[in-house]
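Visitor: I would like to learn how to read a structure like this one, feature by feature. Please show it to me and then take me through it.

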Amino acid sequence: MTETTRDRRDPIKVMVVDDHPMWRDAVARDLAESGFEVVATAGDGDQAVRRAKAAAPEVLVLDLNLPGKPGVQVCKEVVAADPALRVLVLSASGEHADVLEAVKSGATGYLLKSASTGELQDAVRRTAVGDPVFTPGLAGLVLGEYRRLASEPAPAQDTDEPKAPRLTDRETEVLRLVAKGLSYKQIAERLVISHRTVQNHVQNTLGKLQLHNRVELVRYAIERGLDDE
């Protein structure tokens with residue numbers, strides 16, 4: 001059984017951040033009625049950062065257009081404070097620049113506000129276990145940006161720096177599939193291992209390579225041609 005099947009009995013803890021009270025309350029109510037535990041809500045960026053640290057949600061449903069502190073900055077700060085926290089952006093904007101900036105800031109997924117309640121619920125569940133979730137059409141954009149970044153010259157490195165730690169064969173195998181754009185669930189099914197094991201391999205690899213998020217990990221893999229193997 002993979003983690004995606006949610007064999008645990010406690011509900012997923014969610015926090016909703018949006019500057020429009022009616023929209024924020026409606027999203028929080030829909031999620032609560034669907035079995036999620038809404039641990040907090042916030043209406044501006046500074047409030048979101050404070051409450052996220054206090055409430056410790058598993059998934060932060062985040063609008064980008066916030067007063068006080070923009071959503072991308074909120075994303076950076078909350079993920080830096082708690083790397084286990086997943087951020088699902090729920091925005092009215094489908095602009096490519098907004099999507100890419102959100103992902104670079106640490107967001108796991110990006111959903112447009114035109115999504116149905118069912119799509120949002122599914123996105124929150126998938127985000128909670130680390131799967132990248134995007135409104136149709138945006139996933140290809142993000143992968144294309146990974147490839148563009150990987151094609152740029154890498155910054156010069158100090159020759160005195162130690163070499164990157166050696167990855168195990170399984171870590172390399174998981175990294176290769178991550179670079180190909182597969183979700184954690186798909187990787188687990190491909191390798192016949194649990195979703196949790198995939199997450200552990202990814203976290204171990206991030207630690208060994210001193211990387212911070214999936215964006216950096218995919219760039220690392222593409223730079224080394226792992227996505228073409």
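Guide: We will go through the sheet, the cores, a pair of helices and a few single residues.

Guide: This is a predicted model, in which local features need pLDDT of at least 70 and side-chain atom pairs count only at pLDDT 80 or more, while totals for chains, interfaces and linings use all residues. Residues are numbered from 1 along each chain as its sequence is written, and side-chain values use heavy atoms, with hydrogens and water left out.

Visitor: How many helices and strands does the protein chain have?

Guide: Helices and strands here are DSSP runs numbered from the N terminus: H or I over at least four residues for a helix, E over at least two for a strand. The protein chain has ten helices and six strands. Of its 229 residues, 48% count as buried; buried means under 20% relative accessible area, exposed over 50%, and partly exposed in between, with a 1.4 Å probe and protein chains only.

Visitor: In what order do the strands form the sheet?

Guide: In general, strands of a sheet pair through backbone hydrogen bonds, either parallel or antiparallel. Two strands are taken as paired if DSSP finds at least two bridges between them. Here six strands make an open sheet with parallel pairing, in the order β2-β1-β3-β4-β5-β6. The edges are β2 (37-42) and β6 (133-134), each with a single partner strand, so one side of each has no neighbour in the sheet.

Visitor: Which residues stand opposite each other in the paired strands?

Guide: Take β1 and β2, which pair in the parallel sense over five bridges. There valine 14 stands opposite valine 38 in β2. β1 is also mostly covered, with four of its five residues buried. For a second case, β3 (residues 59-62) and β4 (residues 86-91) run parallel and are joined by four bridges, and leucine 60 stands opposite valine 87 in β4. Helix α3 (residues 71-81) packs on the sheet and touches β3 and β4, its direction making about 170° with that of β3. Contact means heavy atoms within 4.5 Å.

Visitor: Which residues touch the most other members of the largest nonpolar core?

Guide: A nonpolar core is a set of buried Ala, Val, Leu, Ile, Met, Phe, Trp, Tyr and Cys residues joined through side-chain atoms within 4.5 Å. The largest one holds 26 residues, and Leu60, Val78 and Val87 touch the most other members. Elements giving two or more residues to this core include β1 (13-17), α2 (45-55), α4 (96-104) and β5 (109-112). Its largest share, five residues, comes from α3. Leucine 60 itself touches Met15, Val17, Val74, Val78, Leu85, Arg86, Val87 and Leu88, not counting residues up to four places away in sequence. There is also a second, separate core of 23 residues, with Val174, Ala179, Ala188 and Val218 among them.

Visitor: At what angle do helices α8 and α9 cross?

Guide: Two packed helices are described by the angle between their axes and the distance between the axes. The axes are lines fitted to C-alpha atoms, for helices over the stretch in contact, and angles run from 0 to 180 degrees between N-to-C directions. For α8 (residues 184-191) and α9 (residues 195-209), the axes come within 8 Å and cross at roughly 110°. That makes α8 roughly perpendicular to α9, a label for angles of 65 to 115 degrees; under 35 is roughly parallel, over 145 roughly antiparallel, and the rest oblique. Tyr184, Lys185, Ile187 and Ala188 in α8 meet His195, Val198, Gln199 and Val202 in α9.

Visitor: Which residues other than glycine have a positive phi?

Guide: Most residues other than glycine have a negative phi, and most peptide bonds are trans. Alanine 56 has a positive phi of about 50°; it lies in the loop between α2 and β3 and is partly exposed, at 44% relative accessible area. Valine 192 also has a positive phi, near 55°. Its place is the loop between α8 and α9, and at 72% relative accessibility it counts as exposed.

Visitor: Is aspartate 63 buried or exposed?

Guide: Aspartate 63 counts as buried, at 5% relative accessibility. It lies in the loop between β3 and α3. Leaving aside neighbours within four places in sequence, its contacts are Val17, Asp18, Asp19, Gly71, Leu90, Ser91 and Lys113.
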